[in-house]
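Reader: Hi! I have a protein model open and would like some help reading it. Could you go through it with me?

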Amino acid sequence: MAVETLQTKPSRLTDSSRRGPAARAGKPRSWHLPKTVGGWIVLAICAVATLGMLVPVYVIIATALSGSHGAPNFFLAFPDAPSLDAFKGAWTKLHGSLTNSLQITIPAAVISCLLGSLNGYLLSKFPFRGSNALFTVLLVGMFIPFQAVIIPVFQFLNMLHLQGSLIGLILVHIIYGIPITTLIFRNYYEGIPSAIIEAASIDGAGIWTTFTRVMLPLSVPGFVVAGIFQCTNIWNDFLFGFILASPAAWPATVTLNNLIGTTTVDYSELMAGAVLVAAPTVLLYLVLGKFFVSGLTAGAVK
């Protein structure tokens, strides 16, 4: 009996000691106020920076809700009679352009991310002679300003009879997004062990099969980062949409700019339109924000 007791007690202690740290690690971390002067200084700086970013947002929303009564005399004052009339008027003028922006952004972002992932896969896992030079040339494309290529692009689309159409804008954004998506996926795939590729080849998988069945399922963080970059850049584009699209294919940013009249400006409707145009990208960051930082650092450490 004594022997059984001695054998049972250490096992219980061992099990509890094993479960203890895991259980403590699974508890949510509680928040505490800073206990040092430096901590209070950092907290104060963060609070002031947050307030500085939220004040313009508050002013935009308050101006949009002022309606036909006009904005309050003091810019931080909330309207006495909030109204959604400005949002209704802005939606009437912007809903067609918002649809155009969605039709441009979604296919352009998806296709450019797929092409960038394929380029990054080949450049990182199957380097060939001149691959580094080709990658450098692709990176140079990231730093070419839109204004430098707008005339050749206009002529190229006109030659293809795509100038002024949604398809032409989609094609431009796909081509212009390939360098940044290639950079993101190449760095991400560098962090994936090459042994996975070798194991797939031993099992008889070729380059394309390995890419579709092995690499793509592992590429979700990379697609999140590249997708957010592409969706934000394409949605907020103004120059390409203004010059390369006809009025029927204008994106939301161009139509929003045209809400500014030649003689008078309805600031309530203009601010309401700004909220409607900015809402999709804000929602995108709110939904995928927690995956964004992890995707940025996924390929940082090998």
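Author: Happy to; we can start with the overall fold and then go on to the cores, the spaces and a few single residues. This is a predicted model, in which local features need pLDDT of at least 70 and side-chain atom pairs count only at pLDDT 80 or more, while totals for chains, interfaces and linings use all residues. Residues are numbered from 1 along each chain as its sequence is written, and side-chain values use heavy atoms, with hydrogens and water left out.

Reader: Thanks! How many helices and strands are there in the protein?

Author: The protein has twelve helices and zero strands. Here helices (H or I, at least four residues) and strands (E, at least two) are DSSP runs, numbered from the N terminus.

Reader: And what is the mean pLDDT of the protein?

Author: The mean is 82, and 82% of the residues reach 70 or more. pLDDT is the predictor's confidence in each residue, from 0 to 100.

Reader: Which elements have the lowest and the highest mean pLDDT?

Author: Helix α1 (residues 2-26) has the lowest, at 45, and α3 has the highest, at 93. Over residues 1-26 pLDDT stays under 50, and the model has one contact beyond four places in sequence for that stretch. Contact means heavy atoms within 4.5 Å.

Reader: Okay, new topic. What share of the residues is buried?

Author: Of the 302 residues in the protein, 32% are buried. Buried means under 20% relative accessible area, exposed means over 50%, and partly exposed is in between (1.4 Å probe, protein chains only).

Reader: Which residues have the most contacts inside the largest nonpolar core?

Author: They are Val153, Leu169, Val172, Phe240 and Leu244, in a core of 18 residues. The elements giving two or more residues to this core are α3 (85-125), α5 (146-159), α6 (166-190) and α10 (239-244). A nonpolar core is a set of buried Ala, Val, Leu, Ile, Met, Phe, Trp, Tyr and Cys residues joined through side-chain atoms within 4.5 Å.

Reader: What does Val172 touch?

Author: Leaving out residues up to four places away in sequence, Val172 touches Val153, Leu157, Phe240 and Leu244. Apart from this core lies another one of 14 residues, including Ala90, Leu98, Leu259 and Ala272.

Reader: Cool. What about empty spaces: what volume does the largest pocket have?

Author: The volume of the largest pocket is about 240 Å³. On a 1 Å grid over the protein atoms alone, a pocket is an open set of points with protein on both sides within 12 Å along at least five of seven lines, a cavity is a set of points where a 1.4 Å probe fits but cannot get out, and lining residues have an atom within 4 Å of a point. Grid points are joined across faces, edges and corners, and a volume is the space filled by probe spheres set on the points.

Reader: Which element gives the largest share of that pocket's lining?

Author: That is α6, with five residues. Among the lining residues are His173, Tyr176, Phe229 and Asn233. By class, the lining divides into seven nonpolar, five polar and no charged residues. Ala, Val, Leu, Ile, Met, Phe, Trp, Tyr, Cys and Pro count as nonpolar, Asp, Glu, Lys and Arg as charged, and the others, Gly among them, as polar.

Reader: How many cavities of 30 Å³ or more are there?

Author: The count is one, and about 60 Å³ of space lies in the largest cavity. Its lining includes Ser101, Thr105, His173 and Asp237. The largest share of that lining, three residues, comes from α3.

Reader: Now some single residues. Is Asn100 buried or exposed?

Author: Asn100 is buried, at 9% relative accessibility, and is found in helix α3. Beyond four places in sequence, Asn100 touches Leu166, Ala248, Ala249 and Trp250.

Reader: And what is Gly120 in contact with?

Author: Leaving aside neighbours within four places in sequence, Gly120 is in contact with Thr182, Phe185, Arg186 and Tyr189. Gly120 is in helix α3 and counts as buried at 0% relative accessibility.

Reader: Last one: where is His161?

Author: His161 sits in the loop between α5 and α6. This residue has a positive phi of about 60° although it is not a glycine, and His161 is exposed, with a relative accessible area of 73%.
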